[in-house]
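Me: I am new to reading structures. Please take one part of this one and go through it slowly with me. I would like to look closely at the open sheet.

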Amino acid sequence: MHVGILGGTGPAGRGLGCRLAAAGIEVTLGSRDKARAEGVAAELLAAWPGRGLVVRGDANVAAAEADLVVVATPWEGALGTVQPLRDRLGGKVVVSMVSALVRVGHGVQAVQLARGSFAGTLQAALPGAKIAGAFHHLPAEDLANLDEGLMADVLVCADDAEAREATMALVESIEGLRALDAGRLTQAQAIEAFTAVCIAVNIRYKARTYLRMGGI
Ligand SMILES: NC(=O)c1ccc[n+]([C@@H]2O[C@H](COP(=O)([O-])OP(=O)(O)OC[C@H]3O[C@@H](n4cnc5c(N)ncnc54)[C@H](OP(=O)(O)O)[C@@H]3O)[C@@H](O)[C@H]2O)c1
């Protein structure tokens with residue numbers, strides 16, 4: 001399995017890439033600037049020697065060649081990132097970890113998008129791709145620290161069955177994560193907006209919270 005991460009040089013992409021690589025998955029961190037991605041990949045390998053991580057950095061267009069592609073740019077830049085890759089992403093599972101948020105004062109608020117969620121917007125922009133939403137509520141710092149165990153639930157939503165199954169399998173490949181099927185892609189609106197709630201709680205309690213649903 002080879003996973004490409006668009007915008008993989010940011011905290012979210014590099015943290016997820018680190019965990020996926022630790023699970024034995026080959027990872028390409030994508031960037032608008034190939035040299036920056038190569039630098040970030042080299043930093044990751046230097047930070048976690050002896051773990052057999054297979055991580056390389058490359059341009060976003062090369063990351064889009066992977067079997068499964070994760071979108072990890074800010075929402076404002078995500079459509080501009082994927083649109084030139086439309087043909088490459090056709091037929092593939094594309095996982096959005098993007099939440100459309102704006103800063104308001106010291107916190108953030110969810111943005112009301114015409115299609116409800118960023119994942120829905122992505123599906124409309126990439127009709128040939130199989131879109132899923134996942135990984136929205138995981139703090140990047142925790143993902144990036146392989147010395148710390150994870151214990152969190154990841155809400156997965158998708159309309160396409162293959163997208164749902166592949167994304168849930170990807171989540172569960174990471175030790176300590178449990179994938180929960182949250183239903184169709186329309187659920188991404190609530191899932192993405194809930195990120196603003198998590199951030200508000202994190203700010204209020206000076207914490208990095210994670211999601212864990214009881215009763216299952
Ligand atoms: N941070 C978290 O804890 C966290 C957790 C879960 C999900 N997320 C989601 O993951 C996404 C990335 O978060 P982040 O904190 O890693 O963000 P970030 O650092 O602001 O951006 C990630 C990468 O995206 C690329 N990028 C930035 N602006 C861009 C633009 N206008 N157009 C195209 N590419 C652009 C940059 O890579 P290059 O300059 O190398 O191209 C950057 O390193 C967000 O949508 C966020 O909602 C974040």
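Reply: Here is a walk through the sheet, then its surroundings.

Start with a caution: this is a predicted model. Now get your bearings. The protein has 9 helices and 10 strands. Its C-alpha atoms fill a box of roughly 40 × 40 × 35 Å along the principal axes. How does the radius of gyration fit a compact globule? With 216 residues, such a globule would have a value near 17 Å, and the protein has 16 Å, so the two agree.

Next, the sheet itself. It is open and is built from 8 strands. Read across it and the order is S3-S2-S1-S4-S5-S8-S9-S10. The pairing is mixed. Which strands form the edges? They are strand S3, residues 55-59, and strand S10, residues 177-181. Each of these pairs on one side only. The sheet also twists, by an average of 25° from one strand to the next.

Go to the S3 edge. Strand S2 covers residues 26-31. S2 and S3 run parallel, and 5 bridges join them. Find Ser31 in S2 to see one such link: its bridge partner in S3 is Ala59. Keep Ser31 in mind, as this residue comes back below.

Now cross to the S10 edge. S9 and S10 are also parallel, joined by 5 bridges. Here Val154 has Ala179 of S10 as its bridge partner. What links into a unit with these two strands? Helix H8 does: S9, H8 and S10 make a right-handed β-α-β unit. H8 spans residues 161-173. This helix lies across S4 (68-71), S5 (93-96), S8 (130-133), S9 (152-158) and S10. Against S9, H8 runs at about 165°.

Two further strands make a hairpin. S6 is residues 101-104, and S7 is residues 107-110. They run antiparallel, with 4 bridges between them. One partnership is Val104 with Gly107 in S7. The hairpin leaves 2 residues between its strands. In that turn, Gly105 has a positive phi of about 60°.

Finally, the ligand. How many residues surround it? There are 26, and the closest are Gly7, Gly10, Ser31, Gly77 and Ala140. So here is Ser31 again: the S2 residue that pairs with Ala59 is among the closest to the ligand. Helices take part too. H1 (11-22) and H4 (75-82) each supply at least two residues of the shell. H4 gives the largest share, 5 residues. By class, the shell holds 11 nonpolar, 11 polar and 4 charged residues.

Methods: Residues are numbered from 1 along each chain as its sequence is written. This is a predicted model: local features need pLDDT of at least 70, side-chain atom pairs count only at pLDDT 80 or more; totals for chains, interfaces and linings use all residues. A residue is near a molecule or strand if its C-beta atom, placed from the backbone, lies within 6 Å of it. Ala, Val, Leu, Ile, Met, Phe, Trp, Tyr, Cys and Pro count as nonpolar, Asp, Glu, Lys and Arg as charged, and the others, Gly among them, as polar. Two strands pair if DSSP finds at least two bridges between them. Axes are lines fitted to C-alpha atoms, for helices over the stretch in contact, and angles run from 0 to 180 degrees between N-to-C directions. Two residues are in contact if their C-beta atoms, placed from the backbone, lie within 7 Å. A crossover is right-handed if, with the strands pointing away from the viewer, the path from the first strand over the helix to the second runs clockwise. The radius of gyration is taken over C-alpha atoms; the globule rule is 2.2 Å times the number of residues to the power 0.38.
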